[in-house]
Amino acid sequence: MFSITLKLMKKSAKMLVPAGIAILIGAAFIATTFLFSNTMNDSLIRQQTAVYAGADAMVLTDLPEHPTDAQSDEAYSRTVADYHLDRIRTIDGVEGVRAVTATNIRLSNGNHHATGYAINTGETNLLPVTVIHGDRPVDNREVALPEHIAKQLDLHVGDMVHVSRGNTAESQGSADSIEARVTGLTDDPNNVYAYDGGASILSEDLMAFANGVADFNQVNATSIYLDLDTQTDTAAIKRLLPRYSRLVNRAEADRLAVESLSANGTSVVTIFLLSFGMLAMLVAALVIANTFQVLVAQRRRTLALLRTIGAMKQQLYVSVIIEAAVLGLLASVLGVALGIGLMAALCASGIMASTGMDARLVLSWQVFVVPMAFGMLMTMLASLSSARSATAVTPLEALRPIELTDTRRAGVVRGIVAAILCIGGAALTGFSIWQMRVSITGQDSLVKDHYATVLLMSIGGCAMVFLGLILSAAFWLPLLMRGVGALVALAGPSATVANANIQKNPRRVAATGAALLIGVTLVATIATGATSAKQTMGAALASRYSVDMIAFGADMTDKQATKAAETKGISGSVYMPTTVMTTTMDNGETLHMLVAGVDSAASLHKVMKADLRGVSIDSSHVLLPQRNAASGKELKFNVSDIVLKSSADGDTDNANGADATLTLKPQQSDYRRISSYYDAVAFIDAKYFSDGDLTATGHMLLMRVDADAAGVTLNDVLTNVQQAFSASTGVTVSGPVAERNMWETMINGMMALLVGLIAVAVLIALVGVANTLSLSVIERTRESATLRAIGMTRGQLRRSLAVEALLLALVSGVAGVLLGTLFGWIGSYMVFSLYGTVAFPFDWGGNGLMLGIAAIAALIASIAPARRAVSVPPVVALAEA
Amino acid sequence: MTFTNPPVPPSPAIQAIDLVKDYGTGSNAVHALRGVNVSFERGKFTAIMGPSGSGKSTLMHTLAGLDSATSGHILFGRSDLTKMNDKQLTLLRRHKIGFIFQSFNLLPMFSAEQNILMPLTLAGTRPDRDWFNLLVETLGLQQRLDHRPNELSGGQQQRVAIARALIAKPKLVFADEPTGNLDSVSSAEVLTFLKRSVDELGQTIVMVTHDAVAASYADRAIVFADGQIVADEAHPTAEIMNNLLMAERERATQAAVPARHAR
């Protein structure tokens, strides 16, 4: 039977190709998932252990299971002196030893500054970074810089550079610095310090200085690295080590690093990715089931003949299963090969390197076994029902012409289960939405204490509804297609024929449509959710801030401000001097304000999104907000005058503010947060600054952003403005635009990732559309020939197939988009109501793009079957059955 | 002596001139048609008979433009079918030539009425309702118009097929063994209808058949053997046709047998 099966397979090879492709894609996805996680693990492990450089042994802490505070303190506050390095060096077999110290430093060359990470110098093979030009520091006052920092500061080997403590909280005045000589440039090939952008190497005295101690021996050292030869007296080393530490050899240290990683759960990422692989495989299963259905139907004659000459039912059953197994095996093997090829190309292309990861292709048994096992299993499972129908062929069928259509209606059980799921899911979702609504209006609801449960209920409800719809697709999808088809049929004879063909086999049409529906719905849900998130976030931010973008700092210069104001996308800006002042509220609390000088209310109108009617800036008034920006409490000024004092009580921003006092009448307007650092931002007449009554301790540039009108992205505007102020380290650019940009980037990134993963399933579904079409063409050979014989041109036949493909793809596509948008709205409502008014957008762009792609793919899918259909000569219609 | 002008034969509906059709090449070549010359009169019911493998079906296929000829000409009206491309031939089949197949070849997903109107649907033209009603009445299909083919008997299906062939008022109708899949009662029905459409509706029908009884309904019967016409009977009856066929078989057997006798 096996050889017969293989012969039958060879004959139907063309039919099996699309199904094979579907499995191939699924298997490749799973293989790539494992390969990806292997590579990430490997890269992270190498990164972890690369920090040990060429050391043979190192010292790790050895604390008891539940250490006391005193013990921990002692273990973690060791200094270099505690390790007795000089005495260790004298021990037999110790070729080198280096204490492990680190710090943040600030490097300056004239007006150029840079901050970075630094380690102490030592033997070359105990340094985790390599020196590529020049030498490592040896004597005092020597430093080796990372190559890119040297470029940034315009330094070369032999130049001098100022090294100072890198504590970023310190002010940017002229802090203590030591002039050091650049002895070499460093590179970080193993990405040990990828997060910090490389590491400088400091001579020991500089390390002591940067750590704020007098001598290197007093610097806090977390460990020491040892370069040993084979005959080392490790016992002697151990005797010299401080308490709560142990000597560990390299192999052991690597093993510990690996253990800590796997416990960290890169397996979580693997599981996440694998779930998408399962989705892809499920969709592929639908394609395979369709294929085998037609395969068996086409083969009924042959199978009946086999039965007449003595084949048993069971043999036919096994034959179909074997065919499925062979197909699954072949396709999975090819899929694994494809996955390995893709991953190898990815590693070689250096894309990973740009993210700081050194990627290597790592093969493991899971890469091979899991996809192949799943591929074969899925294929065999999907072919089960067709195998059963193969045994239903009676020997008599060999002797009479048979009708190839399968107009079986879907089972009643399935219908009931689907109905229960739909109704139950809708009820669950409805309940959770109601609870959410109730809680928003301020009343008591489950949401208060059991938000997670309510959220889960809504997600579960939606999932149930979705599952129910998919199960019952055999009922409603053909109906939907019939409705749409009836409309389309009016378009011409090709469309009429296409519509009739779709009605012929409701089960197959439903399976194909369902496959596409799954992918499209998921993509639409994510896209809608992401769009809603962005819009809701944007609206929430806009309502909390009154100004789009604020640049603020002590060392902002007029020139920088002008440059920033000219950035493309900035549609208005106001430059104002600022100083910090305080006033006492009615209830005795002190209000810290940033007071800004402005010429007139008109210039405030230019940039502020607030209702400033009736506001006038003159020398007797001060404009204040209605609420405290930090606490949200209302600001009440019942007196007609308030006294503003410049704050001289230790505020770092006002180092040279003279003790000025102003008495002004408060006028309040409802504007929101402008700066997050102060309780309020107040506006007074700029004359106070120009006349000298107040000294400006800094400047503020308020900007209105209109990126769309200028045709640039928010990101561009933000980056350009930041660049205008790059020379002044004390200037921060903030505001809702900046925050919004950060959110949008993050959301877009996540969306791209998720959509990319689901796109695999959509791709397989489109392969399914092509498959269904080619199967239909094969089934309809006689009919196509008849139509050609009675006057259908080749062009009309091709068009009817194109219309069929479009109907299949677009009806399920649009249904998926609508469903996905609904789920996305529900999800957004449940999650984002807590943050503000939820937006219910319809992602025209994203959905339109997806439907467009589906339509184009459907048209492409119809090309090959159409060619096959028109190549059938009309004479075939006259051939005997 | 009175000179009367010889009667001018009416121009034939379709005419084959030196038609040759070969399948395959070299020593394996099958010569299905060996230089056939025949013309079919308008408004007449002609039957083409012959044993299997004689080439009668091939003759019909090539005459209808469903298959290409190796050499020769086919004149249909004023056009030469051998010089037409696929699109022209398709349009011809849509408007000018009708088909009736042995296995009915109705489109299973359309109703009887839609099947009948299919050639017009493909052309995008509106049906002539009077003509449609006449056909349906003549063929007795009024009760069956909404049914799908699998809900019709064999005879009914073939009648639907006949209506489909006639709906576009073609110049010529080809029928390939129309009664081959029918019982004797349905066969008689179908043949009667075909004859009526020739006599009453003025159609021209060329029928291929191996059934002498079916040939007896025709106005003229041609016997085909080995790719050539071997007999042309003006008023066929079942008996005459049977005799002709038997004679042909005898001749064929004799041609094969002398090889044995010679030994």
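Which residues are exposed on the other side of H6(B)? In this predicted model, they are Ser184(B), Val185(B) and Asp199(B). The buried set of H6(B) is made up of Ser186(B), Ser187(B), Val190(B), Leu191(B), Phe193(B), Leu194(B), Ser197(B) and Val198(B). Looking down the helix axis, these buried residues stay within an arc of 155 degrees, so they line one face of H6(B). The spacing fits the usual helix arithmetic: an α-helix has 3.6 residues a turn, so residues three or four places apart point the same way.

As for what sits on top of that face, the cover over the buried residues of H6(B) includes three strands of chain B, namely S3 (45–49), S6 (97–100) and S8 (205–208). Helices H4 (129–139), H5 (154–166) and H7 (212–216) of chain B are also part of the cover. The length of H6(B) checks out too: with 16 residues (184–199) at 1.5 Å a residue, a span of 22 Å is expected, and the end C-alpha atoms are indeed 22 Å apart. The stretch of chain B from 14 to 251 carries the UniProt annotation "domain: ABC transporter", from an unreviewed entry. Residues 14–251 of chain B are 37% helix and 25% strand, and the end C-alpha atoms of the span lie 30 Å apart.

Turning to chain A, the domain assignment splits it into four parts. Domain 1 (1–55 + 250–403) and domain 3 (472–545 + 735–881) are each built from two segments, while domain 2 covers 57–249 and domain 4 covers 547–732. The C-alpha centres of domains 2 and 4 of chain A are 44 Å apart. In the UniProt record, again an unreviewed entry, "domain: ABC3 transporter permease C-terminal" is placed on residues 275–392 and 757–874 of chain A. The 757–874 span is 83% helix and 0% strand, with 45 Å between its end C-alpha atoms.

What about the packing? The largest nonpolar core holds 81 residues, and those with the most contacts inside it are Met481(A), Leu516(A), Ile764(A), Leu787(A) and Met118(B). Helix H27 (794–832) of chain A supplies the largest share of this core, 16 residues. Domains 1 and 3 of chain A both contribute residues, so the core lies between them. A second, separate core has 44 residues, among them Leu120(B), Ala175(B), Ile205(B) and Met241(B). Back in the largest core, Leu516(A) makes contact with Val762(A), Ala765(A), Leu766(A) and Val769(A), and also with Leu808(A), Ala809(A) and Ser812(A), leaving aside residues up to four places away in sequence.

Gly795(A) also belongs to helix H27 of chain A. At 28% relative accessibility, Gly795(A) counts as partly exposed. Its C-alpha is 9.4 Å from that of Ala866(A), a residue 71 places away in sequence.

Helix H13 (365–382) of chain A gives another one-sided pattern. Its 18 residues reach 26 Å from first C-alpha to last, close to the 26 Å expected at 1.5 Å a residue. Buried residues in H13(A) are Val367(A), Val370(A), Pro371(A), Gly375(A), Met378(A), Thr379(A) and Ala382(A). These fall within an arc of 145 degrees when seen down the axis, so they line one face of H13(A).

A few single sites in chain A round out the picture. Asp227(A) sits in strand S10 (223–228) and, at 12% relative accessibility, counts as buried. Its contacts, not counting residues up to four places away in sequence, are Asp56(A), Gly93(A), Val94(A), Glu95(A), Gly96(A), Asn125(A) and Leu126(A). Of these contacts, Glu95(A) is 132 residues away along the chain, yet the C-alpha atoms of Asp227(A) and Glu95(A) are separated by 5.3 Å.

Pro189(A) is in the loop between strands S8 (178–187) and S9 (199–202) of chain A, and its 39% relative accessibility makes it partly exposed. Between the C-alpha atoms of Pro189(A) and Ala50(A) there are 9.5 Å, with 139 residues separating the pair along the chain.

Gln626(A) is likewise a loop residue, found between strands S15 (621–625) and S16 (642–646) of chain A. With 33% relative accessibility, Gln626(A) counts as partly exposed. Beyond its sequence neighbours up to four places away, Gln626(A) touches Lys633(A), Glu634(A), Leu635(A), Gln668(A), Ser669(A) and Asp670(A). Gln626(A) and Val161(A), 465 residues apart in sequence, are 50 Å apart in space, C-alpha to C-alpha.

Technical notes. Residues numbered from 1 in each chain as written. Chains lettered and ligands numbered in written order. Predicted model: local features only at pLDDT ≥ 70, side-chain atom pairs only at ≥ 80, totals over all residues. Heavy atoms only, no water. Core = buried A, V, L, I, M, F, W, Y, C linked by side-chain atoms within 4.5 Å. Buried < 20%, exposed > 50% of the residue type's maximum accessible area, 1.4 Å probe, protein only. Helix = DSSP H or I, 4+ residues; strand = E, 2+ residues; numbered from the N terminus. Domains from an automatic or database assignment. Contact = heavy atoms within 4.5 Å. UniProt positions renumbered as here; feature names shortened; annotations may be inferred. Expected span 1.5 Å × (residues − 1). Arc of directions from axis to C-beta.
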